[in-house]
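The exercises below invite you to read a protein structure step by step, and each task is followed by a worked solution. Keep the sequence and the 3D view open beside the text as you go.

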Amino acid sequence: MSRRRGGNCPNSLEVMQQLVDLTQSKLSLDLICVLPERESMSTRFITQTLGSDVNCSCCIYRQHLVDPASCYVFKSRETGSRTIVNYNELPEMTFDEFKSSVEKLGSIEDTCFHFEIKPSALISVELENPHRLGLENLAAEADFVFYAKSWAQAFGYSSMEKCLEAQITVLPKAKYLCCTWGDKGAALLTRPENACISMPALAIPNAEVVDPIGAGDTFVAGMLFGILCYRDDWDQTRKLQFATELASLKVRQEGFQGLGSVVGHRIERR
Ligand SMILES: *[C@@H]1O[C@H](CO)[C@@H](O)[C@H](O)[C@H]1NC(C)=O
């Protein structure tokens, strides 16, 4: 059994932190999520694994609760199948808690919220779990929208391009729409160009697949990094290629450590 910190946003932040460090980009990274009580072992474990450049001071700490939202992944040695059990005893974030966390951040000019919402800042949303209600409404307010294959398939799309071409018609604001599709790679549809490009994943031989968990979160980190730090320097194809390659390389290793340096040669230093 191995234990590691997870969470879509924390995973993306862990990878973005490496890229920001590597390029000395000016981007401060803050996490807003619900955690167990501040002094608990699990909260310490979570903040330590995120590293010192991800600021957790806007998180919401639940007194008297010591277990984080957890996900148990059982992998069958025989078939390779994965069974996932989610467990979370922490009450969800309320609107008021979210609001006061955002206020702690200070000015939100030039801020991008991934998942979170606030007018005049950029908003980025990931749609993964088809059973979570209200995601479409959230996406309609977003500037960047990420669709997971699981979401797209549950809504009847047979390919990443079909998902994006249909979804753009119901997203009035989105400028970047992405859809990931496992070993097929990812697609990007941008406004105002209205052009859909797709990028195959790097071919990783089965024998080299070590840990696919969090590949989608890594893709999000790569895209947000490209959009926020290299918006005009990289064309859309290059942004997509960077994120797709980063996610492919993640699959070959346990966890997220050291991913930045694996792709370091692809990025010009500032
Ligand atoms: C972390 O965020 C808080 C709230 O925005 C801020 O007061 C604090 O200075 C930040 N810490 C670091 C190390 O940047």
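## Exercise 1: The surroundings of the ligand

An oxygen atom of the ligand lies 3.0 Å from an N or O atom in the side chain of Ser 57, and this distance, like every other one here, comes from a predicted model.

Task: Find which residues surround the ligand, and work out how much of the accessible area of the ligand the protein covers.

Solution. Begin with the shell, in which Asn 55, Ser 57, Lys 104 and Leu 105 surround the ligand. Sorted by class, this shell has one nonpolar, two polar and one charged residues.

Next, look at the polar atoms. The side chain of Asn 55 has an N or O atom 2.3 Å from an oxygen atom of the ligand, and for Ser 57, again through the side chain, the distance to a ligand oxygen is 3.0 Å. With Lys 104 the backbone takes part, since a backbone N or O atom of this residue lies 3.0 Å from an oxygen atom of the ligand. As for the area, the ligand on its own has 360 Å² of accessible area, of which the protein covers 36%.

## Exercise 2: The nonpolar cores

Task: Establish how many residues the largest nonpolar core has, and determine which helix gives the most to this core.

Solution. The general background is that nonpolar side chains tend to be buried together in soluble globular proteins. In this model the largest nonpolar core has 43 residues, and those with the most contacts inside it are Leu 19, Leu 31, Phe 146, Phe 219, Met 223, Phe 225 and Phe 242. Both helices and strands contribute, for the elements that each supply at least two residues include α1 (8-23), β9 (144-147), α7 (215-229) and α8 (236-250). The helix that gives the most is α7, with eight residues. Apart from this core there is a second, separate one of 22 residues, which includes Ile 123, Leu 138, Leu 171 and Ala 174.

## Exercise 3: Two residues of the largest core

Task: For Leu 19 and Met 223, decide whether each is buried or exposed, and find how far apart their C-alpha atoms are.

Solution. Start with Leu 19, whose place is in helix α1. Its relative accessible area is 0%, and because buried means under 20%, Leu 19 is buried. Leaving aside residues up to four places away in sequence, Leu 19 touches Ala 221, Phe 225, Phe 242, Leu 246, Gly 260, Val 263 and Ile 267. One of these, Val 263, is 244 residues away along the chain, yet the C-alpha atoms of Leu 19 and Val 263 are separated by 8.8 Å.

Turn then to Met 223 in helix α7, which also counts as buried because its relative accessibility is 0%. With the same neighbours in sequence left out, Met 223 touches Phe 146, Tyr 176, Cys 178, Leu 188, Lys 239, Leu 240 and Ala 243. Finally, the C-alpha atoms of Met 223 and Leu 19 are separated by 11 Å, although the two residues are 204 residues apart along the chain.

## Exercise 4: Polar side chains that are buried

Task: Identify what the side chains of Thr 244 and Glu 126 pair with.

Solution. Thr 244 is found in helix α8, and its relative accessibility of 4% is why it counts as buried. A polar atom of the Thr 244 side chain lies 2.6 Å from the backbone oxygen of Leu 240. Glu 126, in strand β8 (residues 122-127), is buried as well, with a relative accessible area of 7%. Its partner is Asn 8, and the polar contact between the two side chains is 2.9 Å.

## Exercise 5: Backbone exceptions

Task: Locate the cis peptide bond, and state where Gln 24 and His 64 lie.

Solution. As a rule, most residues other than glycine have a negative phi, and most peptide bonds are trans. Here a cis peptide bond joins Arg 191 and Pro 192, with omega about 5 degrees, and Pro 192 lies in the loop between β11 and β12 (195-199). Gln 24, which is not a glycine, has a positive phi of about 50 degrees; it lies in the loop between α1 and β1 (29-30) and counts as exposed at 60% relative accessibility. His 64 has a positive phi near 70 degrees, lies in the loop between β4 (60-62) and β5 (70-75), and counts as exposed at 71% relative accessibility.

Note on methods: Residues numbered from 1 in each chain as written. Predicted model: local features only at pLDDT ≥ 70, side-chain atom pairs only at ≥ 80, totals over all residues. Heavy atoms only, no water. Near = heavy atom within 4 Å. Polar contact = N/O pair within 3.5 Å; in protein donor to acceptor, adjacent residues only side chain to side chain. Areas by Shrake-Rupley, 256 points an atom, 1.4 Å probe, with all protein chains shown as cover. Nonpolar A, V, L, I, M, F, W, Y, C, P; charged D, E, K, R; others polar. Core = buried A, V, L, I, M, F, W, Y, C linked by side-chain atoms within 4.5 Å. Buried < 20%, exposed > 50% of the residue type's maximum accessible area, 1.4 Å probe, protein only. Helix = DSSP H or I, 4+ residues; strand = E, 2+ residues; numbered from the N terminus. Contact = heavy atoms within 4.5 Å.
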